Amino acid sequence: MRTGPPSAWRSAFARRTYLAGILWAIGLMVSRLAGTPDHAGWLAIRVDTAGLLYAAAAIAGGANFFGAGVRAAKSLRLDMNFLMSAALVAALLIGEAFEAATLAFLFSLAELLERYAVARGRRSIARLLELAPETANRVSASGVVETVLAADLRPDDLLRIRPGDRIPVDGRVAAGASAVNEATITGEALPRPKKTGDPVFAGTLNTDGALEVIVTADAAHSTLARIGELIRQAETRRAPSEMFVKRFARVYTPIVTALAVLVMFVPPFLGFGSALDWFVRGITLLVIACPCALVIATPVTVVSALTSAARNGVLIKGGDHLEALGAIKALAIDKTGTLTTGQLEVTGFTADGIDPKWLLHAIVTLESRSEHPVGEAIVRYGHRLGVAADASVTSFTSIPGQGVRGCIRDIDVTVGTDELVGDSVAEHWGSPEPGMIAVYASTGDGRSAKITLRDELRAGAAETVSRLHMLGIRPIIMLTGDAVANAQAVARATGVDEVRWRLLPAGKVEAVRELRQLYGTVGMLGDGVNDAPALASATVGLAMGAAGSPATIETADIALMGDDLNKLPYAVHLARRARRMIRFNIGLALTAKLLLAVGAVAGVVSLAVAVLVGDMGGSLAVTINALRLARTSSNGDIPPSGTSPDGARTGY
């Protein structure tokens, strides 16, 4: 049986914290019942029950950080463990056993809460990976079904997936039909119908039909495993706020340590009060100066946000990308496959001066070598008419963003945009209707054909643009290689602020760079590898529908695993909440420490109050905020949907 990471509440660190807390509480009760003072004087601990209990509590809790504090002192890297260790030893030396016990227990409790917040996010990822079953029903070459370990499955193995089974590895449906709940991968609640040829993913749930699935990736390389690994890697990528805090703490800690030493020795040397009083004030200042809440403000928030995003089908590959997403001011969006479904369908085919069936065969043969959605749609159209590709192509060339050309049985054939085939061909056939896509074909001897296709608008496209506008993201610019009429039709339907058409991949890169010069922080949303250069040029590259595509997941900074565009406003909303929370936590920690430091030097803040409010209180506030962020849902308090600026709704 798989086991996740050990619970923070059951660790050795936690047990020492519990012991310190129990001893501290019993000592407090004994002390109050006996009416004995907590202070014993220099180099002394009261030899009574309460004093011994406090000392034991200080030792139990101090064991959680004293060793790290000594190592920090030896390496001259004065961190929070050093500050707390120094304060603990000093408190015991002057007989403040109660304060020492309070410090050890509350500091350990604050650290334990931080560990819980981080472990909670990591356990969510562990539970995600455990959704893939450990065994699978493999069909042997003789047709016998055998139960094997999922880890032993290899590509091309044939599996039988029964209704109610979870799919163990990534694969492709070989036979059968069913609906598969893919929420673990895409965050989309509604089951998706699956038929022969459709991809399926590890950890998803087969609902109502039996499937036979051919394995396409072993367990270690499944989409689910890649997501888990990328999230683990994301936790090591530092957000800008975290890097700032770490740099700040490296300078801040030695300074406040020196200041605390000055507070301990300078005033009594000058004759202002007793040495013991100023020594206690210096220790109190050391405790207040501990940057615990400051240091954990960013990482626990980032882990919580990454966890929330992963549960909702959004893969964010690091704290730096999370903060960048929350700061974007403008957004570039690809059209085909992003604002539209990308599932083009041929609506008409007309040839002039040539046998239509021969030319369609030539077009299908050329497009079968292309991976562009237009080519795939033409090949599907040909197959429905019984026209199949053959191997008769020579000198095949694919021109990115424009089309293909090649020689078929000694006849040159070109298929693509009007720019590729020539304006004369396009003028001969005329412009397509708005919302339609025209592809032209021409032969070397002057004959031609026109193919019209339609690409449906993706459900929720207009709503997504509206919500992004409500989040203050303007402009939203659509980038497409399509013709002006089709581009403008989609722009009107979705409500984007601007559209740029006839863009090759290099043109999209140039457009994104121009936007960065104008607006600074810019996002780019595309649907695959073709958009990779533009995604890389943006401040934040976002991939649409990345489930099952290793290249797309690896290319993007943030991957929307499913085809639901509404995940984008959710992701922006989550990132902005995280940024606000990080800044609030840092501001709260610094303000509280400043006020308490003034009070400590003035002698009105005790050591116990410094620990309770300045250290444990700040860490607790940061942790609670982080845990709240983890509960952000994709249907949370995102601005409500509305109409786009021109009142357009989904559809042409």
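Two strands count as paired here if DSSP finds at least two bridges between them, and the strands (E, at least two residues) and helices (H or I, at least four) are themselves DSSP runs, numbered from the N terminus. This is a predicted model, so local features need pLDDT of at least 70 and side-chain atom pairs count only at pLDDT 80 or more, while totals for chains, interfaces and linings use all residues. Residues are numbered from 1 along each chain as its sequence is written, and side-chain values use heavy atoms, with hydrogens and water left out.

With that settled, strand E20 (residues 522–526) is a good place to start. E20 pairs with strand E21 (residues 540–544) in the parallel sense, over four bridges, and Gly523 sits opposite Val540 of E21. Strand E11 (residues 330–334) also runs parallel to E20 and is joined to it by four bridges; here Ala330 has Val522 as its bridge partner. In a regular strand the side chains alternate between the two faces of the sheet. Both faces of E20 are covered, with Val522, Met524 and Gly526 on one side and Gly523 and Leu525 on the other, all of them buried (under 20% relative accessible area with a 1.4 Å probe, protein chains only; exposed is over 50%, and partly exposed is in between).

Met524 turns up again in the surroundings of Ala534, which lies in helix H20 (residues 532–537). Ala534 is buried, at a relative accessible area of 2%. Leaving aside neighbours within four places in sequence, Ala534 touches Lys508, Val509, Val512 and Met524, where contact means heavy atoms within 4.5 Å. Ala506 is 28 residues away from Ala534 in sequence, yet the two C-alpha atoms are 7.9 Å apart in space.

Helix H13 (residues 356–367) gives a neat geometry check. Its expected span is 1.5 Å times one less than its number of residues, so its twelve residues should cover 16 Å, and the end C-alpha atoms are indeed 16 Å apart. Nine of the twelve residues are buried, so H13 is largely enclosed by the rest of the structure. Among the buried ones are Leu359, His361, Thr365 and Glu367.

Elsewhere, an open sheet of six strands with antiparallel pairing follows the order E2-E1-E3-E9-E4-E7. E2 and strand E7 (199–200) stand at the edges with a single partner strand each, so one side of each has no neighbour in the sheet. Strand E4 (residues 171–176) is joined to E7 by two bridges and runs antiparallel to it, with Gly171 partnered by Val200.

As for backbone oddities, most residues other than glycine have a negative phi, and most peptide bonds are trans. Asp156 has a positive phi of about 80° without being a glycine; Asp156 is in the loop between strands E2 (145–149) and E3 (158–161) and is exposed, at 66% relative accessible area. Ser395, another non-glycine residue with a positive phi, has a value near 50°. Ser395 belongs to strand E13 (residues 393–399) and is exposed too, at 55%. The peptide bond from Arg474 to Pro475 is cis, with omega near 0°, and Pro475 lies in the loop between helix H17 (461–470) and strand E18 (476–479).
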